[in-house]
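Biologist: Could you take a close look at the salt bridges in this structure for me? I would like to know who pairs with whom, and how open to the outside the partners are.

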Amino acid sequence: MAENQNFSKDNDTVNVLTEQTENTENTQTEAKEDKHLITLHLSHKKGSKTLHLKKGHLIAASVAALLVLGGGAYAGVSYLQAQNRLTNSQQQLAEMEKENRKLTQRTEMLESENEEYTQHINEIQMKTEELENKMTELENTKQSLAEEINNMNGTTTSTDGTAAASMENNDTASAEANLSNACLSILENGSTSQSGEKTFTTIVTTSYNKATSLSAQLDKMNVMLDLTGASFVDVATNVTETLAQYSNVPMGYPLEEYVISTEFNPGGDSSISDGRVHKGMDLSTRSQILPISATAAGTVVESTYHDDYGYYVKIDHGNGFTTLYAHNSENLVEVGDTVKKGDVIAMTGSTGMSTGIHCHYEIQLNGIYQNPRDYE
């Protein structure tokens, strides 16, 4: 009985210890279970595996996720900011290139304007010089004509010394004086009446920088000066023709159409024409009978026939000059006739010692033969 009681006590003790052990294990298991927040059981062919996730793991994973997400967000924001900066830089670069193109175009335009301006200035200088030359030429021509008209009174000098010639020269001088006064009147009145009052625009007030305007002003002046010059030429031509009609100095040739067949050769120079002595000049008309005109105003002193000259006309111009026109087919003036420059006095022919239709033309000054080329 005593042994049974002892055995019972031992069993009770063992049971108590077992319960305590189980309680301890349960407590440890619960503690372990408390430490593992998530437990995963993975099954596979070879077996199964259990994964325990603790709170620390979850926190670390959360932190890592937050870091990754934060880093991605930061990277995205940084990328967008960099993209915006790049876009702004590209826009600024495009604007700068646009401005650069504008500046380049402006520079090219300024260079072109500068070249144009330089060209305008050069043209203005040339036009100014041209205008000055034209004005100088017109003034010189006017002065020359005036001097020629004024000097007409001094050209009537005679070398014979006879009373009749002196009286004739005085009459001629008086007539030429009246003519010179008339020509001077034509010259003065014609030049002023044709040109009228000056209408040149003052260019002093024109801006120097306006080269085109200045050039236009000079163009207008040039046109006006051309018109004035043309009018003056008409007046000068009128004066010249008037002088030529009454001039007693031989000038030009007696034919309008001719070919010089024999040159003036009073010394018989072998290098001139055919080398024979020739005191005048032969003007061939190439077998045409053409009118012969007086080369200066004067009086016919001979109009007859000569064995050598054939039909010929001789004119005394009253100032020491005489002219002779020979080998004519017909004389149209008589002795004593007064002629002006350009009056028809005969027709070309081949009379006398002649080998073809032509005009033998002679000029003498105080009895000395002159080369007609010196009086062209």
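Modeller: Happy to! One definition helps here: a residue is buried under 20% relative accessible area, exposed over 50%, and partly exposed in between. Keep in mind as well that this is a predicted model.

A search of the whole structure finds four salt bridges. Let's begin with Arg276, which is partly exposed because its relative accessibility is 39%. Arg276 pairs with Asp274, and their closest N and O atoms are 2.7 Å apart. Asp274 has 49% relative accessibility, so Asp274 also counts as partly exposed. Arg276 forms a salt bridge with Asp282 too, where the closest N and O atoms are 3.8 Å apart. Asp282 has a relative accessibility of 6%, so this residue counts as buried. Arg276 therefore has a partly exposed partner in Asp274 and a buried one in Asp282.

Now to the other group. Glu263, Arg373 and Glu376 are linked in a network of salt bridges. Within this network, the side chains of Arg373 and Glu376 meet at 3.4 Å, N to O. Arg373 is partly exposed because its relative accessibility is 35%. Glu376, with a relative accessible area of 52%, is exposed; the cut-off for that class is over 50%.

If you are following along in the viewer, start at Arg276 and find Asp274 and Asp282 as its salt-bridge partners. Then move to Arg373, which shares a network with Glu263 and Glu376.

Note on methods
Residues numbered from 1 in each chain as written. Predicted model: local features only at pLDDT ≥ 70, side-chain atom pairs only at ≥ 80, totals over all residues. Heavy atoms only, no water. Buried < 20%, exposed > 50% of the residue type's maximum accessible area, 1.4 Å probe, protein only.
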